[in-house]
Amino acid sequence: MILEAWLDARVHQPNIYIHEKTVIVAVNARSDLTFDVLLDDDSTCNVHHIILATGYHPNMHNVAFLDRVTILNPLETVEGYPVLDTEFQSNLPNLYVTGLAATRDFGPFFGFTVACPVAAKIIGEQVASHQ
Amino acid sequence: MPRGMFLRSGSDWQLDAREVATFEAYMKQRGVTTDQIKPVPLDTFLDYASWFMGQYAVKSHPSLVTHLASSNGAYTATLDDGSQIVANHVLLGLGFAFFKHYPPELVEKLPPGSYTHTCDTVDFEFYRGKRVLIVGGRQSAFEWAALMNEKGAEQIHITYRHATPKFTEPDWSWVLPLARRTLDDHGWWRKLTAEDQEKSVTTFGQQDV
């Protein structure tokens, strides 16, 4: 794993405390609306907020606007990812999915801008051929 | 994505399948060289996206789809202004916000109301004078820490399981050929063994997010 070089000096600051190789043991709310945090190296801190920089994992069932009966239930998925054919089409005819949700079938690059023109070309040609 | 964020990608990552209205073409028109915008600020890329839309007269319909249903071989999208669009083809480009990951073994230790995901934490002014714990040890954890510190947070703690990653200039040049390989063989990725996929994800992950 690598972090961008331009972050180095910006995070090595006197008020930024880096607790590597630790996990949270317990978090307790105080009456002043702050939280006491205990880490497994026995260090502690008291904070106003906890922010989860824990990334993303596709799960089509989290996409609240998809109709349960006509789309979500019949949509074929594996571990939350839609099952796509080689033209990004789901098992529901003419319903295509790209981006992060397409990475299981097309590779992790499709979660990033780098693959955007590739997906556009493949899907665009497929849709145009069906007009 | 928060203001002040930088992209990790270089100037060869762009939006145009025809490779005409590229990011490099945009920079050339703006009279900016690659070295002048390294790393690429988020705002610059968003401005490129607007320029790109202008180049092809792409018009967006800025509203939220609240419901998408299928019937008789067509799709009906209901928008938040109550209007509906009926279409034969639908492309879901869902972004990241639906897919925020909350690790269950972590969340069960956190009191209700004590936490938010980085995806929902983009106004750093709110954290001025506050103490914050960031859970996670990859790019977003460190970049959020830097941005909060620069906005005047009192203390920032970062906790993660692994050893601190190296801060170094990554080489992304190998990613574009892999993505483009899909144009020649749409199914090459799915034909790899699980082991080879894993190897590729690991390599990609070393430089990623």
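Is B:Cys119 buried, partly exposed or exposed, and what is its relative accessible area? B:Cys119 is partly exposed, at a relative accessible area of 22%. The structure discussed here is a predicted model, and every value below was computed from it.

**Cysteines**

A disulfide is a covalent bond that joins the sulfur atoms of two cysteines. In this model the number of disulfides over all chains is zero. For B:Cys119, the reason lies in distance: the cysteine sulfur closest to its own belongs to A:Cys116 and is 18 Å away, which is too far for a bond, because the criterion requires two cysteine sulfur atoms within 2.5 Å. A:Cys45, in contrast to the partly exposed B:Cys119, is buried, with a relative accessible area of 8%.

**Chain B as a whole**

Chain B contains seven helices and eight strands. Along the principal axes, its C-alpha atoms fill a box of roughly 50 × 45 × 45 Å. Chain B has 209 residues, and 42% of them count as buried. Its accessible surface comes to about 11,300 Å², with 54% of that belonging to carbon and sulfur atoms.

Contacts that are distant in sequence make up a considerable share: among those in chain B between residues at least 6 apart in sequence, 48% join residues at least 24 apart. As for charge, chain B carries 21 positive and 25 negative charges, and the mean positions of the two sets are 1 Å apart.

**The interface between the chains**

Between chain B and chain A, an area of about 8,900 Å² is buried, and carbon and sulfur atoms give 66% of it. Three residues, B:His89, B:Phe99 and B:Phe167, supply 9% of the area that chain B buries against chain A, more than any other three residues. In terms of contacts, 107 residues of chain B meet 89 residues of chain A.

Two residues of chain A show contacts across this interface. A:Tyr56 belongs to the loop between strand S6 (49-52) and helix H2 (68-72) of chain A. Apart from neighbours within four places in sequence, the residues in contact with A:Tyr56 include B:Phe96, B:Phe99, B:Lys100 and B:His101, together with B:His117, B:Thr118 and B:Cys119. B:Cys119, the cysteine considered at the outset, is thus one of the contacts of A:Tyr56. Within chain A, A:Tyr56 is in contact with A:Leu100; the two are 44 residues apart in sequence, with their C-alpha atoms 8.8 Å apart.

A:Ala5 lies in the loop between strand S1 (2-4) and helix H1 (8-11) of chain A. Leaving aside neighbours within four places in sequence, A:Ala5 is in contact with B:Phe167, B:Thr168 and B:Glu169. Of these, B:Phe167 is also one of the three residues named above for their share of the buried area. The C-alpha atoms of A:Ala5 and A:Val63, which are 58 residues apart in sequence, are 35 Å apart in space.

**Loop residues and their accessibility**

The table collects the accessibility of five loop residues.

| Residue | Relative accessible area | Class |
|---|---|---|
| A:Leu33 | 68% | exposed |
| A:Glu79 | 65% | exposed |
| A:Ala5 | 37% | partly exposed |
| A:Tyr56 | 27% | partly exposed |
| B:Leu192 | 25% | partly exposed |

B:Leu192 is placed in the loop between helix H6 (188-191) and helix H7 (194-206) of chain B. Its C-alpha atom is separated by 38 Å from that of B:Val86, 106 residues away along the chain.

**Backbone geometry**

Most residues other than glycine have a negative phi, and most peptide bonds are trans. Which backbone features depart from this pattern? Phi of A:Leu33 is near 70 degrees, a positive value in a residue other than glycine. A:Leu33 sits in the loop between strand S3 (24-29) and strand S4 (35-39) of chain A. A:Glu79 likewise has a positive phi, near 50 degrees, and is found in the loop between strand S7 (77-78) and strand S8 (81-82) of chain A.

In chain B, the peptide bond from B:Lys38 to B:Pro39 is cis, with omega near -5 degrees. B:Pro39 occupies the loop between helix H1 (23-30) and helix H2 (42-55) of chain B.

Technical notes:
Residues are numbered from 1 along each chain as its sequence is written. Chains are lettered from A and ligands numbered from 1 in the order in which they are written. This is a predicted model: local features need pLDDT of at least 70, side-chain atom pairs count only at pLDDT 80 or more; totals for chains, interfaces and linings use all residues. Side-chain values use heavy atoms; hydrogens and water are left out. Buried means under 20% relative accessible area, exposed over 50%, partly exposed in between (1.4 Å probe, protein chains only). Helices (H or I, at least four residues) and strands (E, at least two) are DSSP runs, numbered from the N terminus. Contact means heavy atoms within 4.5 Å. Accessible areas come from the Shrake-Rupley method with a 1.4 Å probe; for residues, only the protein chains shown count as cover. Lys and Arg count as positive and Asp and Glu as negative; His and the chain ends are not counted. The place of a charge is taken as NZ of Lys, CZ of Arg, CG of Asp or CD of Glu. Buried area is the accessible area (1.4 Å probe) that two parts lose on being put together, summed over both.
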